[in-house]
Amino acid sequence: MSTDLGSATDPDVVLVGGGIMSATLASLLGVIAPEWSITVFESADAVAGESSDAWNNAGTGHAALCELNYTPAGPDGRVDTTKARLINEQFQVSRQFWSHLVRSGLTGSPKEFISPVPHVSFVTGEGGRTYMRNRHAALSAEPLFAGLEYTDDPAELAGWVPLVMDGRDPAQVVAATRSVAGTDVNFGALTRLLLEQGEARGVQVHTGQRVTGLEKRDDGRWKVTVTDGRTGEERTVRARFVFVGAGGGALPLLQKAAVPEIRGFGGFPVSGMFLRTRSPELVSRHQAKVYGQAAVGAPPMSVPHLDLRLVDGEFSLLFGPYAGWSPKFLKAGSVFDLPLSVKPNNLGSMLGVARTELALTKYLVTELLQSRKARHRTLTEFVPLAEQADWEMITAGQRVQVIKRDPRSGKGVLQFGTELIVGGDGSIAGLLGASPGASTAVSAMLSLVERAFPDRVAARRAALEEAIPSYGRDLSSDPALLAAVRADTTQTLELNG
């Protein structure tokens with residue numbers, strides 16, 4: 001990876017940001033357009049330093065196995081599995097593409113970026129148990145969730161999640177589901193591996209280079225202005241296609257590019273904090289990712305979870321999230337990011353959200369005012385015998401939640417997913433938003449290439465199907481294909497244990 005911009009020439013494609021989205025897109029373009037030249041510009045001194053970094057990313061390998069906000073219950077108690085199916089399908093696509101890359105020589109061992117970890121959902125109270133039973137019944141009927149276990153037996157749960165059960169009131173009603181098919185993913189490591197493989201086939205990766213301007217030229221190409229973070233030197237390259245995968249920095253750049261499709265969009269930054277322990281005793285007794293339920297009225301991003309993480313060969317536990325707040329759109333951003341993102345075309349959306357999202361406002365204020373002892377009390381609701389001295393607070397990455405205008409009401413709405421923006425002529429695109437983000441990066445970037453390069457996708461469909469055997473098909477309605485895909489990816493990614 002180069003810090004010298006002197007080697008940069010006018011490429012076919014410019015990717016802004018050295019995170020998991022740009023790295024994934026570079027790999028996909030290697031399948032559908034292997035002859036195209038690609039240049040990546042990353043403003044930091046190394047790639048994967050923001051939302052893709054292991055400590056800035058939950059790393060859950062989101063497959064809706066344990067995240068309860070993906071399976072809402074209606075007034076009649078019936079659980080809707082629609083979103084869970086979609087997210088699981090998308091994660092299966094990611095697994096297939098990663099397996100293809102491993103077979104192509106991505107890394108000596110996939111254990112560098114993915115490892116098996118059971119995913120557990122945990123609730124308390126009679127209402128929680130009823131919901132969990134209904135959820136288990138609904139998901140168990142879906143082929144994608146075959147093997148999902150349920151229990152409300154405290155003794156059995158003590159075997160699944162001993163830290164969560166030790167010291168808990170034996171009279172408390174508890175219930176849980178478990179999937180042993182869950183994973184932990186180090187998206188920082190994966191990003192670096194993808195870009196290293198890209199460089200081996202000619203992708204140019206420049207770090208310490210901030211894209212400060214995007215301008216559409218009369219010849220249809222994009223003039224990309226790049227500033228050297230060390231010398232302040234400014235120069236330009238021209239590209240036929242630009243992808244803005246700069247995390248929280250994507251919104252301001254798309255606004256600078258005057259992409260019509262970005263009109264009405266805004267962003268609301270939220271930072272996350274976690275309690276972390278590296279205690280070998282605690283880690284050895286919690287070999288799972290456990291997700292609970294958000295408090296009544298709290299936003300989906302507040303769902304508490306106790307995660308086993310494997311980062312750089314070391315196991316640790318993270319508990320959170322606790323919300324923080326900063327006007328920065330990136331962890332290394334500027335305090336002026338939020339105010340400068342407010343434009344005449346999105347002011348109405350921003351003000352509308354400020355009026356309607358009172359629950360979010362209350363949640364953030366409460367979180368920001370919490371003392372260390374209060375945060376520890378929240379931990380003890382999950383881990384009753386937790387000792388404050390064993391845990392340290394760390395700050396994760398910035399997340400910029402998408403604010404968009406509702407086409408029906410005209411009011412601004414806050415959404416907690418991701419939003420793919422593709423310019424009308426297909427020459428520029430960007431990704432906004434957060435969760436489930438990295439876990440579904442392959443599906444997101446497939447959607448991008450299908451919209452921006454339909455001719456290339458059609459011409460290289462056989463290559464795409466080789467890389468992603470389920471491409472264009474629905475795994476949930478094809479049990480034989482699902483079984484084949486699961487067996488192949490489990491073996492190739494070394495997820496048998």
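**Exercise 1. Map the six-stranded sheet and find its edges.**

Start with the order: six strands make an open sheet that runs β8-β2-β1-β12-β20-β19, and the pairing is mixed. (Two strands pair if DSSP finds at least two bridges between them; helices, H or I with at least four residues, and strands, E with at least two, are DSSP runs numbered from the N terminus.) Next, look for strands that pair on one side only: these edge strands are β8 (204-207) and β19 (418-422). Finally, add the twist, which averages 15° from one strand to the next. (For angles, axes are lines fitted to C-alpha atoms, for helices over the stretch in contact, and angles run from 0 to 180 degrees between N-to-C directions.)

Before you go on, keep in mind that this is a predicted model, where local features need pLDDT of at least 70 and side-chain atom pairs count only at pLDDT 80 or more, while totals for chains, interfaces and linings use all residues. Residues are numbered from 1 along each chain as its sequence is written, and side-chain values use heavy atoms, with hydrogens and water left out.

**Exercise 2. Work out how β2 and β8 pair, then say which helices pack on the sheet.**

Step one: β2 (residues 38-42) joins β8 in the parallel sense, over four bridges. Step two: pick a residue, say V40, and you'll find its bridge partner V205 in β8. Step three: turn to helix α1 (residues 20-32), which packs on the sheet and touches β1 (13-16), β2, β12 (241-244) and β20 (428-433). The direction of α1 makes about 160° with that of β1. (Contact here means heavy atoms within 4.5 Å.) Step four: helix α13 (residues 441-452) packs on the sheet too, touching β12, β19 and β20, and its direction makes about 20° with that of β19.

**Exercise 3. Describe strand β1: its side chains, its partners and the way the chain leaves it.**

First, sort the side chains: V13 and L15 point one way from β1, V14 and V16 point the other way, and all are buried. (Buried means under 20% relative accessible area, exposed over 50%, and partly exposed in between, using a 1.4 Å probe and protein chains only.) Second, list the partners. β1 pairs with β2 in the parallel sense over four bridges, and V13 stands opposite I38 in β2. Third, follow the chain from β1 through α1 to β2: this β-α-β crossover is right-handed. (That is the word if, with the strands pointing away from the viewer, the path from the first strand over the helix to the second runs clockwise.) Fourth, β12 pairs with β1, again in the parallel sense over four bridges, with V16 opposite V244 in β12.

**Exercise 4. Describe how helix α2 packs against α1 and against α13.**

Take α1 first. Its angle with helix α2 (residues 82-103) is about 70°, and the axes are 12 Å apart. So α1 is roughly perpendicular to α2. (Angles under 35 degrees count as roughly parallel, over 145 as roughly antiparallel, 65 to 115 as roughly perpendicular and the rest as oblique.) Now the residues: T24, S27, L28 and V31 in α1 meet F97, H100 and L101 in α2.

Then take α13. Here α2 and α13 pack at about 90°, with their axes 7 Å apart. That makes α2 roughly perpendicular to α13. The contact is made by Q90, V93, S94, F97 and W98 of α2 together with A441, V442, S443 and L446 of α13.

**Exercise 5. Examine the backbone at P321, A64 and E494.**

For P321, check the bond before it: the peptide bond from G320 to P321 is cis, with omega near 0°. P321 sits in strand β16 (residues 314-324).

For A64, read phi: near 65°, a positive value in a residue other than glycine. A64 lies in the loop between β2 and α2, and A64 is buried, with a relative accessible area of 0%.

For E494, phi is near 55°, also a positive value in a residue other than glycine. E494 is in the segment after α16 (479-492) and is partly exposed, with a relative accessible area of 30%.
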